[in-house]
2 protein chains.
Amino acid sequence: MIAIGQDASCCPGLASAPLDDECATELAKVFKALGDPVRLRLLSMIASREGGEVCVCEMTPAFDLSQPTISHHLKLLRQAGLIDCERRGTWVYYWALPGVLDKLAAFLTTPQAVTEVTA
Amino acid sequence: MIAIGQDASCCPGLASAPLDDECATELAKVFKALGDPVRLRLLSMIASREGGEVCVCEMTPAFDLSQPTISHHLKLLRQAGLIDCERRGTWVYYWALPGVLDKLAAFLTTPQAVTEVTA
DNA sequence: CTTCTATATTGACGTCTCTCGATCCAAGGC
DNA sequence: GCCTTGGATCGAGAGACGTCAATATAGAAG
């Protein structure tokens, strides 16, 4: 629903120029999705997985929360454009959408830090 | 109040290993502070400023919001450890705390992307 | 000391968010 | 067909959040 892949690239960087309203609104949606410890852990479980895919049945018991709550957080992460999922038989598998996290990281990186790395 | 400088460094990276609860809670506070378009714009105004300092009197009229609301958002950004301020006469000046954004960016950067850059 | 200006704080209101139990849907096995 | 299992959706309640008007505070100027 949120095309961070396109909209984030329009924003040259947090510290390079004052953000316009539209860009800030789009980016805030993604950061808001990251602004919850449960969602951060879910995303980390998914993004750090070797094979790239994690079954819901594996994530739900890792938390002290009800199954609908985990499903709700996964939905928010998906709406933020951070992950996607596919049903395979009885189970549903989630994976991290590539590039989105790196684009966010690039947006946060200050120009000085960039020049230091590339120098 | 939040020592992202210390606590974020304890977290090796979102995509390198599943985040533990404590680390996720600390990081979520910072991302939550970034999860509002007004705060993103405020932080961008501050971080992109050449001299490094921005007066509140310069930020308030840039928004269609009341003065207390802007003050409130600046307070949240400060509590998240992203900015700091100092009173100088009648005016108050804000600046971005260095390194925090870069640490966040490093946390979001996937291991693959890191190896690509350093290769 | 009084007054004015620039910010911060307080209190209140409506809205959004997180969580749960209950229910529904999709797929497999009998 | 029916039943079981894995997930998603619905509806509700408690709490957090964003916003404002009103007030308080700090400093400068008279």
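A polar contact here is a pair of N or O atoms within 3.5 Å; within protein, one of them must be able to donate a hydrogen and the other to accept it, and residues adjacent in sequence count only if both atoms are side-chain atoms. One such pair links the side chain of Ser71(B) to DNA strand C, with an N or O atom 2.9 Å from a phosphate oxygen. The model is predicted, so to speak of local features a pLDDT of at least 70 is needed, while side-chain atom pairs count only at pLDDT 80 or more and totals for chains, interfaces and linings use all residues. Residues are numbered from 1 along each chain as its sequence is written, chains are lettered from A and ligands numbered from 1 in the order in which they are written, and side-chain values use heavy atoms, with hydrogens and water left out.

Two further residues of chain B reach phosphate oxygens of DNA strand C. Tyr94(B) does it with an N or O atom of its side chain, at 2.8 Å, and Cys57(B) with a backbone N or O atom, at 3.0 Å. As for secondary structure, helices (DSSP runs of H or I, at least four residues) and strands (runs of E, at least two) are numbered from the N terminus. The elements giving two or more residues to the surface near strand C are α5 (67-79) of chain A, plus α4 (56-59), α5 (67-79) and β3 (91-96) of chain B. The largest share, 5 residues, comes from α5(A).

Altogether, 25 residues surround DNA strand C, and the closest are Ser66(A), Thr69(A), His73(A), Gln67(B) and Tyr94(B). A residue is taken as near a strand if one of its heavy atoms lies within 4 Å of it. Of the strand C atoms within 4 Å of the protein, 71% belong to sugar or phosphate, and the rest to bases. Sorted by class, this surface has 10 nonpolar, 9 polar and 6 charged residues. Nonpolar covers Ala, Val, Leu, Ile, Met, Phe, Trp, Tyr, Cys and Pro, charged covers Asp, Glu, Lys and Arg, and the others, Gly among them, are polar.

What about DNA strand D? It has 26 residues around it, of which Cys57(A), Gln67(A), Ser71(A), Tyr94(A) and His73(B) come nearest. Sugar and phosphate make up 72% of the strand D atoms that come within 4 Å of the protein. His73(B) places a polar side-chain atom 2.5 Å from a phosphate oxygen of strand D. Ser66(B) uses a polar backbone atom, at 2.8 Å from a phosphate oxygen, and Asp36(B) a polar side-chain atom, at 3.5 Å. Here the elements with two or more residues at the surface are α4 (56-59), α5 and β3 (91-96) of chain A, together with α5 of chain B. The most, 5 residues, comes from α5(B). The class tally for this surface is 10 nonpolar, 9 polar and 7 charged.

Turning to the fold, chain A has 7 helices and 3 strands, laid out along the sequence as α-α-α-β-α-α-β-β-α-α. Of its 119 residues, 43% count as buried, where buried means under 20% relative accessible area, exposed over 50% and partly exposed in between (1.4 Å probe, protein chains only). Contact means heavy atoms within 4.5 Å; among chain A contacts between residues at least 6 apart in sequence, 55% join residues at least 24 apart.

Helix α3(A) is largely enclosed by the rest of the structure, because 9 of its 11 residues are buried. Among the buried ones are Val38(A), Arg39(A), Leu40(A) and Arg41(A). At the helix start, a side-chain oxygen of Asp36(A) comes to within 2.8 Å of the backbone nitrogen of Val38(A). Pro37(A) also lies in α3, but counts as partly exposed, at 22% relative accessibility. Leaving aside residues up to four places away in sequence, Pro37(A) touches Ala24(B), Thr25(B) and Ala28(B).

A nonpolar core is a set of buried Ala, Val, Leu, Ile, Met, Phe, Trp, Tyr and Cys residues joined through side-chain atoms within 4.5 Å. The largest one holds 66 residues, and Phe31(A), Leu82(A), Phe31(B) and Leu82(B) touch the most other members. Leu82(A) sits in the loop between α5 and β2 (83-88) of chain A and counts as buried, at 2% relative accessibility. Beyond residues up to four places away in sequence, the contacts of Leu82(A) include Val30(A), Leu43(A), Leu77(A) and Val100(A).
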